[in-house]
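Reader: Walk me through this model. Where do I begin?

Author: Begin with the structure itself.

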Amino acid sequence: MRHRELLKFAVVGGTTFLVDNAVFYGLKLTFLEPKPVTAKIIAVLVATIVSYVLNREWSFRARGGRERRHEAALFFLVSGVGLVLSSAPLWISRYVFGLETPEVGLVTQEIADFVSAQVIGTLVAMVFRYWALRKWVFPDEKPTPDSTRPIPAPASRR
């Protein structure tokens with residue numbers, strides 16, 4: 001069961017990775033050319049909405065039991081942390097390491113943007129989201145055998 005969830009989560013992640021890339025580069029190469037971090041944040045927000053629907057209806061369909069509004073609020077809270085985690089490497093690349101034109105060439109800037117935002121940021125956020133979604137947003141409805149402890153019998157009085 002766990003491997004099936006992980007596989008489904010990975011498929012959803014691949015799908016939202018494509019959505020993220022399409023929106024990110026669509027914005028970064030047009031309207032938001034001077035603001036790549038803003039483009040990344042918008043891309044992650046769009047991909048997050050797609051991710052919620054696909055994870056709720058497919059990946060973690062057998063989990064949960066929470067009221068949908070509560071579940072959605074938790075999902076978007078976890079995704080907000082994921083947004084920070086996925087955007088931080090791009091921000092560091094651009095504004096701490098200075099990997100932007102004119103300090104570096106355009107090809108170097110674009111490779112640094114892709115590696116920091118789309119590879120490193122996505123991987124860090126993915127690991128965090130998988131853990132947090134399973135723990136808080138879509139928890140097991142029934143306790144596992146490892147999580148139940150026998151209740152000690154009361155001490156008898158003599």
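Author: Buried means under 20% relative accessible area. The model is predicted. Buried residues make up 36% of the 158 residues in the protein chain.

Reader: How much area does the protein chain expose, and what share do carbon and sulfur atoms supply?

Author: About 10100 Å² is exposed. Carbon and sulfur atoms supply 69% of that area.

Reader: How many helices and how many strands are there?

Author: Four helices and zero strands. Read from the N terminus, the order is α-α-α-α.

Reader: What share of contacts joins residues at least 24 apart?

Author: Take contacts as heavy atoms within 4.5 Å. Keep the pairs at least 6 apart in sequence; 75% of these join residues at least 24 apart.

Reader: Now the interior. Which residues form the largest nonpolar core?

Author: A nonpolar core joins buried residues through side-chain atoms within 4.5 Å. Here the largest has 12 residues. Phe9, Tyr52, Phe60, Ala72, Phe75 and Val78 are among them. So are Phe128, Tyr130, Ala132, Leu133, Val137 and Phe138.

Reader: Which elements give two or more residues to this core?

Author: Helix H3 (68-96) and helix H4 (106-137) do. H4 supplies the largest share, five residues.

Reader: Is there another core, and which residues are in it?

Author: Another core of eight residues lies apart from that one. Its members include Phe24, Leu27, Leu32 and Ala117.

Reader: Back to Tyr52. Which residues does tyrosine 52 touch, leaving out those up to four places away in sequence?

Author: Tyr52 touches Arg68, Glu71, Ala72, Phe75, Phe76 and Phe138.

Methods: Residues are numbered from 1 along each chain as its sequence is written. This is a predicted model: local features need pLDDT of at least 70, side-chain atom pairs count only at pLDDT 80 or more; totals for chains, interfaces and linings use all residues. Side-chain values use heavy atoms; hydrogens and water are left out. Buried means under 20% relative accessible area, exposed over 50%, partly exposed in between (1.4 Å probe, protein chains only). Accessible areas come from the Shrake-Rupley method with a 1.4 Å probe; for residues, only the protein chains shown count as cover.
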